[in-house]
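Dear colleague,

Please find the structure below for your review. A summary of what was found in it follows.

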Amino acid sequence: MNITKETDLLIIGGGAAGMSTAVSAYENGIRDILILERNNSLGGVLRQCIHNGFGLHRFKEDLTGVEFAQRYIDKIKEYKIPYMLECFVIDLSDDKVVTCVNPSEGLMKIKAKAIILAMGCRERTRNNILIPGVRGAGILTAGTAQRYLNLEGYIPGRSVVIVGSGDIGLIMARQFVLEGVEVKAVVEIMPYSGGLPRNMKQCIEDFGIPVYYNSSVTKISGRERVNSVEVCRLDENRRPIPETAMKIDCDTVMISAGLIPENELTEQAGIEMSSSTKGAAVDECNMTSVPGIFSCGNVLHVHDLVDFVAEEAEETAEYAASYILGNMDVSYSGTIEVLNGEGAGPVVPCRINRNIRAESANLMFRPRNKYRDAVITVKLGSRILAEQKSIALTPGEMCRISVAGDKLSGAAGPLVVSVTGTINN
Amino acid sequence: MYDVIVIGAGSVGSSTARELSKYKLKTLVLERGHDICSGASKANTGMIHAGYDPLPGTNEAKFNAPGNRLMYKLCDELDVPYQKSGTTIFATDDSGMEELRKLKRFAVENNVEAEIIPYPDLLEKQPDMGSEVKAILWVPEGGVTNPFSVTFALAENAYVNGVEFRLDSEVTGIDRADRMDSGQRSAFPDGANFVVHTKDDAIACRMIVNCAGLYSDVINNMVSDEEFKIIPRFGAHVILDRKLSSKLTTTLMETPHDLPGGGHTKGMAIAPSVGGTMLLGCDATEVKDPDTTEWTMPSVQQIIDYFKKAWPILPLAKECPEFPEDQIIAVFGGCRPHADTNDFVIGEPDDAPGFVNAGGTESPAFASSPAIGEYVAHICIDRLAAEKKDDFNPYRKGKKIFRTMTDDEKQQAISEDPDYARIVCRCEMVTEAEIRDAIRRPLGARSVAGVKLRTRAGMGRCQGGFCSPRVVEILCEELGLNPLEVTQCGGNSQILAAPACSLKAEKEA
Amino acid sequence: MEKQELICIMCPRSCRLTVSGSDGSLAVEGNMCPRGHEYALSEAVHPMRILTGIMRVEGIKEPLSIKTTKMIPKELLLRAMDEIHKVKAKAPVKAGDIIISDILGTGADVVATKSIK
């Protein structure tokens, strides 16, 4: 099949990342843009995020997710940036051709000068985290519960046990209580919450919901529908201690145990993946191993805040724009590898071009533990390139540290990011 | 009155019904579940075992190899995808070699083609097999299909050819005319030998075929004094995402070892599925509740540990050096109906003429089911001296699967039906056209699981997280339901509990 | 009053705050912005929250998302939600439309956060 359409910039996904890249690319002089969105409206998961806490960084206002999305939708309409809804991408190739389908346009092959991958992420399921027990109605992820409630208008259960303490689960716990659903417990395998501290406070503590740390659901029971779960404390090897088993009656088990970047298309295209972040291996411009294909937002790595998704997306779009306009130095003189050292989780980007194109490289990662009085350091060999102090760090929040470009040019690497401080799990 | 009542609409019951539908008979299938394929067939792996391993002389040996051959023919007639990818049983030590030679002897006696190929000659068949493998038994007739698709297609074809089906119809009792006193017998219609009771009905018939799987003992024991007992054996399977599936070209199975946790198995296997994912398993543990779907960590850990250890010698290791635990997308389990006779229970008990068993149907019953169905159906056909129909239609056309279409086929399909461009299940790329068809078909889907088993929507890596709300919506549109009435799989398995903003008011009221 | 440790919920930075002193003169530490200071004072004396949620719209399946225009006392969250669930909005609704004014006498209005035609 032949190419049916050509465009300068093709953006896969019309959620927070995709919309922000579109707006930013436009503002950086790109006019021939097309956003492909699989749902029947722009906004992605923000459409179901009816809670507030969005936009504090980006707009200096406390917005709900729905309102945050609308800001971008309004901009896209104002700029008349083209987008195609109900458009599902079925293939991406390394020559920057996207194969996609849409009910009115049929099958299309679109060739682009640059592509931004902004497909977002999916939720870890009960099977991914291997929770034993029955199958049957009443087992769902927090995001699915959120969609049923806020977009479809239905409550999925009357009494809920929440597995994991990811932010969506915490947000849903509060909304469930407000809806009259009984929230029996939050069961967290780690000694600390996987969500933002503010959500633990205002969604869980505010409503007196019991949280069981160092614990896991060891059995889901019921026949046609869930009727109870068994919860056990874990020993130091994270194995359940049978003597601690406790039965909790509930008709719903809601999983909120983390997110997985949706990189099936990325892998199809043969783009190099990072084994640590599970996203594409990108450089300081968020460009992948295929020149002209960029990745940003939750498909690159799972963010804590949409504001930072938008920020990362805007920066990525600037680089994509300069790539399209021929202003980017694409000559290659090797890269500096970026590694996560002690106390730090996988870092994005995972490499920096030796002839760095940015004024500075922004490194993002999550700490491996809860810390007090922490110090984040970026080292090149024994040389400290950047250092940042923090009163408290938690895995629920992303750390960001920037390294000035001039300190990097010509360096061989690798660059090692680490965290030290008092572990406070 | 019915000529034949078939109890159970799993693969054996549906295959029996389809065979009966070729003849001028009034046939009814009673199914306890909410859907066709609700029992053991639902938790089946879809392996079309060739018949090399049953003990010669048993019913299992008698029906497996002929069933295997018929299965491929059936799949062609009923438009069900399959892969005749062969089965490769490998041995890594002397006792394994002993086992291979035994299986080879069985294969010869069971009239199944099988060849022992030593290392390194086996590399011609399995190029990337590890050198730890001493030899393989190569069984070319082995294959895989989808047990749900086969069962749905058989039932649908039987239905189209005149067989009636009643779902949600558990048999609660059976009266035998010959055991009634004369007063009671007068209530039986002329020629009726049995009255089958369900919670709503009492239905008279001449003959019964017992295809009740996990409950085949219960049904048999209602009628015959030649009792047997089903011991449900639970097995769990682990499913891996489709990333590596193109590298798995055959079902690989190590010669059976004693499992550390105890239990019975044909051997740990890794099999491709026609849907593109991979199946690992399985173990078998005796349990009490035949309906349980409850899997336990030790049994799944056993599978994972086995594959972690065995992985380096499997051909997949070349592509992916370590067992990809992060690619586990699902775990499922179910019970297999093991009879205490250690064999299929087939035929009429001496004390119950007109009552035909097709019970104890544990593995390899799925592969055997076309042959079992044919055999038990013909007991009825012969006894009732039924004539062949002139208008039996052996063919059934499935809905074209979008995911496996070429670009041109996709373009064509969308131009004929734009619903083909609406991808509902993104992980398995299932379109709205396929989902609507699955609901509209004869004996179509009525629940979220019904849609899933027929189309794969919700079977992929997100396990229905993204698509189930849309599937609920489509079920409502097609069946005229309120979302609160939509179930996971019938009964009290409603997906949703109440309208938003209503619970407080409900509690106060 | 004893020293209280709080986590600021004013923005996702989640500053760890300590409040000490007595009613008349409370001291706040750990805040990185004035909003944190304000939050700590109010949290120590009388916790306040923004309420967000959904409500029904007459004749329309899709729920309407709503929020309060300013924080309301924490202990009124559940009652306020019950009040909201007792009424149905009437389409069309535009984001920002007031659905209930001065909910429970808090001075906060309940407004739509999305538009429904």
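**Strand pairing in chain A**

In strand β27 of chain A, A:L415 stands opposite A:L380. The model is a predicted one. Strand β27(A) covers residues 415-423 and runs antiparallel to β24(A), to which 8 bridges join it.

Strand β24(A) comprises residues 371-380, and 7 of its 10 residues are buried, so the rest of the structure largely encloses it. β24(A) also pairs with strand β25(A), residues 383-393, in the antiparallel sense, over 9 bridges. Within that pairing, A:R372 stands opposite A:A392 in β25(A). The two strands β24(A) and β25(A) form a hairpin with 2 residues between them. In its turn, A:G381 has a positive phi of about 60 degrees.

**Helix contact in chain B**

Helix α1(B), residues 11-20, and helix α8(B), residues 365-383, have axes that come within 7 Å and cross at roughly 40 degrees. Because of this angle, α1(B) is oblique to α8(B). The crossing of α1(B) and α8(B) is right-handed.

On the α1(B) side, the residues in contact are B:S11, B:V12, B:S15, B:T16, B:E19 and B:L20. They meet residues of α8(B) that include B:F366, B:P370, B:I372, B:E374, B:H378 and B:I381. The residues of this contact between α1(B) and α8(B) divide into 10 nonpolar, 6 polar and 2 charged.

Yours sincerely

Key. Residues numbered from 1 in each chain as written. Chains lettered and ligands numbered in written order. Predicted model: local features only at pLDDT ≥ 70, side-chain atom pairs only at ≥ 80, totals over all residues. Heavy atoms only, no water. Axes fitted to C-alpha atoms, helices over the stretch in contact; angles between N-to-C directions. Helix = DSSP H or I, 4+ residues; strand = E, 2+ residues; numbered from the N terminus. Parallel < 35°, antiparallel > 145°, perpendicular 65-115°, else oblique. Left-handed = near helix turned anticlockwise from the far one by under 90°. Contact = heavy atoms within 4.5 Å. Nonpolar A, V, L, I, M, F, W, Y, C, P; charged D, E, K, R; others polar. Buried < 20%, exposed > 50% of the residue type's maximum accessible area, 1.4 Å probe, protein only. Pairing = 2+ DSSP bridges.
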